[in-house]
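Trainee: I've got this one open on my screen and I'd like to go slowly over a single part of it. Could you walk me through it?

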Number of protein chains: 2
Amino acid sequence: MSPSRPAGLVRQARTPRQGIPDATVARLPVYLRALTSLAEHGVTTVSSEELATSAGVGSAKLRKDLSHLGSYGTRGVGYEVEYLVYQISRELGLTQDWRVAIVGAGNLGRALANYGGFASRGFTVVALLDAATDLIDQEVAGLPVLAVTELERVIAQEQVQIGVLATPACAAQDLCDRMVAAGVTSVLNFAPCVLNVPGHVMVRKVDLSTELQILAFHQQRGAAAGLGYGGLGEQSQDGPGAAEVAG
Amino acid sequence: MSPSRPAGLVRQARTPRQGIPDATVARLPVYLRALTSLAEHGVTTVSSEELATSAGVGSAKLRKDLSHLGSYGTRGVGYEVEYLVYQISRELGLTQDWRVAIVGAGNLGRALANYGGFASRGFTVVALLDAATDLIDQEVAGLPVLAVTELERVIAQEQVQIGVLATPACAAQDLCDRMVAAGVTSVLNFAPCVLNVPGHVMVRKVDLSTELQILAFHQQRGAAAGLGYGGLGEQSQDGPGAAEVAG
DNA sequence: AGGCACTTGTGAACGAACGCACAAAGTCAG
DNA sequence: CTGACTTTGTGCGTTCGTTCACAAGTGCCT
């Protein structure tokens with residue numbers, strides 16, 4: 001790679017950790033995916049303009065985002081793909097392994113367990129639980145479905161840090177409480193309801209129905225028109241509002 | 001009611017339609033769900049404080065959000081649940097039926113087809129398509145899986161307005177193009193990739209892997225701490241960034 | 001009728017995020 | 001070595017979103 005640069009490996013590991021904006025954090029995974037894809041295509045260096053296009057954002061925004069991680073990138077050249085992949089991964093905490101438990105082995109739970117994207121980036125699904133007795137001991141994605149009564153034991157034993165809720169809304173709060181009591185500190189909630197958790201626990205919610213309703217709104221009032229600008233624009237996905245709840 | 005105001009029933013249907021903030025639109029479905037739940041429990045009137053708690057937001061934000069729809073609500077009393085449900089539904093465009101096609105009948109596609117939340121609010125899944133020949137003609141959620149070669153015909157014939165992509169990333173762009181060409185103007189994308197679409201088409205993206213990575217980031221740096229405030233706070237779900245892409 | 005307690009709706013202050021545009025910093029050719 | 005060209009990193013003005021605090025409106029009780 002660039003010969004003039006000293007030990008490319010370390011290069012000012014000054015981490016301005018004090019506060020990466022939530023909006024930026026939400027975009028880092030997108031950049032990471034774009035970079036990974038580029039790397040697979042044999043690209044070794046990329047400019048902010050190219051990467052921005054791949055990620056579907058503006059180049060200025062991308063540069064500002066990356067500048068929050070530190071001053072990687074070489075003026076006049078661009079960013080070294082592999083190096084940037086590593087830096088973003090490290091910042092997101094993907095260099096360590098996260099142990100995930102999925103609660104609910106219905107259609108959604110099974111889909112999640114089979115989803116390749118989980119395993120690919122430092123996330124290991126270590127357990128899949130359900131309340132329905134006829135599902136128990138079935139094998140899904142190489143994992144046996146466990147009885148939900150074992151939840152506390154499994155979470156402690158497997159050192160689960162992240163819990164994924166793929167259950168009906170009515171059961172979600174109770175199961176969430178149990179997971180939190182057992183030591184889980186991050187929850188990804190697919191159930192269509194608001195969860196109450198203590199302050200040290202982080203919840204993110206994904207709601208299919210909500211997404212459809214937002215689409216319906218925009219379609220109703222003139223099909224995404226209005227702003228209509230020319231260039232390749234953003235793609236909405238996910239907002240800054242990372243928030244917690246205190247109990 | 002107020003003597004100065006005309007007929008209570010219509011009650012100033014002055015729709016300040018010119019621009020509801022995206023952030024507000026993203027929260028309306030949450031309010032709607034909370035209201036529906038309250039209605040089912042027999043509650044007829046609710047204050048902004050109570051509703052805000054149910055929805056997991058601050059009461060000031062809730063009031064401002066609702067004020068963008070118009071002046072429903074009665075000072076000293078609160079909001080009439082049923083009336084507000086109707087108003088939000090109307091604003092979101094849920095009073096009409098939206099016809100949805102799901103492309104990809106893998107684990108995720110089947111989960112989506114079976115998801116009750118779709119049908120419950122004006123969304124009708126009219127078709128489920130897949131490329132895998134061994135899935136075709138299987139019945140899922142009362143619908144036969146159709147060959148993806150029929151995509152254009154089905155979308156035109158069934159007047160599909162919203163397309164849901166639940167396919168691998170590599171196939172997503174192509175299928176998206178075909179859906180758009182066939183007349184779809186809103187796309188909900190579950191494939192982990194950025195879609196390029198013409199300016200009149202709206203895309204929303206849901207990415208499970210992204211959500212996990214955001215959780216990992218926050219967990220890594222102190223487990224959702226930092227802000228830690230006392231009251232019941234927000235729950236992150238979905239951002240304002242409603243955006244379109246122009247081709 | 002009048003006062004009191006309660007709740008909405010909103011003006012205004014604050015803060016976060018975006019995009020522009022440019023200086024600093026580097027590369028490459030000659 | 002010099003000079004032209006490329007691309008990053010960032011200061012700044014603007015826009016968008018959130019929060020505070022309060023006036024105005026409503027119902028209830030005396």
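**Around DNA strand C**

Mentor: Sure, let's start with one atom pair: a polar side-chain atom of A:K64 sits 2.5 Å from a base oxygen of DNA strand C. Keep in mind that you're looking at a predicted model.

A:R75 also reaches a base: an N or O atom in the A:R75 side chain is 2.7 Å from a base nitrogen of DNA strand C. Now hop over to chain B. With B:S48, the backbone takes part, as one of the N or O atoms there lies 2.5 Å from a phosphate oxygen of DNA strand C.

Okay, zoom out a bit. How many residues surround DNA strand C? There are 26, and the closest are A:K64, A:R75, B:S48, B:Y72 and B:Y79. Next, look at the DNA side of things: of the atoms of DNA strand C that come within 4 Å of the protein, 66% belong to sugar and phosphate.

What sort of residues make up that surface near DNA strand C? Sort them and you get ten polar, nine charged and seven nonpolar. You can also colour them by helix. At least two residues each come from α1 (22-40) of chain A, α3 (59-67) of chain A and α3 (59-67) of chain B. The largest share belongs to α3(A), with four residues.

Let's follow one of those helices, α1(A), along its length. α1(A) has 19 residues, and at 1.5 Å a residue they should span 27 Å; the end C-alpha atoms are 28 Å apart, so the two values agree. Still, look for a bend of about 30° at A:L28, with a proline, A:P29, following within four residues. After α1(A) comes A:G42, and its phi is positive, near 85°.

Finally, go back to chain B and find B:R75, in the loop between α3 and β2 (79-80) of that chain. Is B:R75 buried or exposed? The relative accessible area of B:R75 is 84%, and exposed means over 50%, so B:R75 counts as exposed. If you want a landmark for that loop, try B:S47: B:R75 and B:S47 are 28 residues apart along the chain, and their C-alpha atoms are separated by 9.5 Å.

Terms used. Residues are numbered from 1 along each chain as its sequence is written. Chains are lettered from A and ligands numbered from 1 in the order in which they are written. This is a predicted model: local features need pLDDT of at least 70, side-chain atom pairs count only at pLDDT 80 or more; totals for chains, interfaces and linings use all residues. Side-chain values use heavy atoms; hydrogens and water are left out. A residue is near a molecule or strand if one of its heavy atoms lies within 4 Å of it. A polar contact is a pair of N or O atoms within 3.5 Å; within protein, one must be able to donate a hydrogen and the other to accept it, and residues adjacent in sequence count only if both atoms are side-chain atoms. Ala, Val, Leu, Ile, Met, Phe, Trp, Tyr, Cys and Pro count as nonpolar, Asp, Glu, Lys and Arg as charged, and the others, Gly among them, as polar. Buried means under 20% relative accessible area, exposed over 50%, partly exposed in between (1.4 Å probe, protein chains only). The expected span of a helix is 1.5 Å times one less than its number of residues. The bend at a residue is the angle between axes fitted to the seven residues ending there and the seven starting there.
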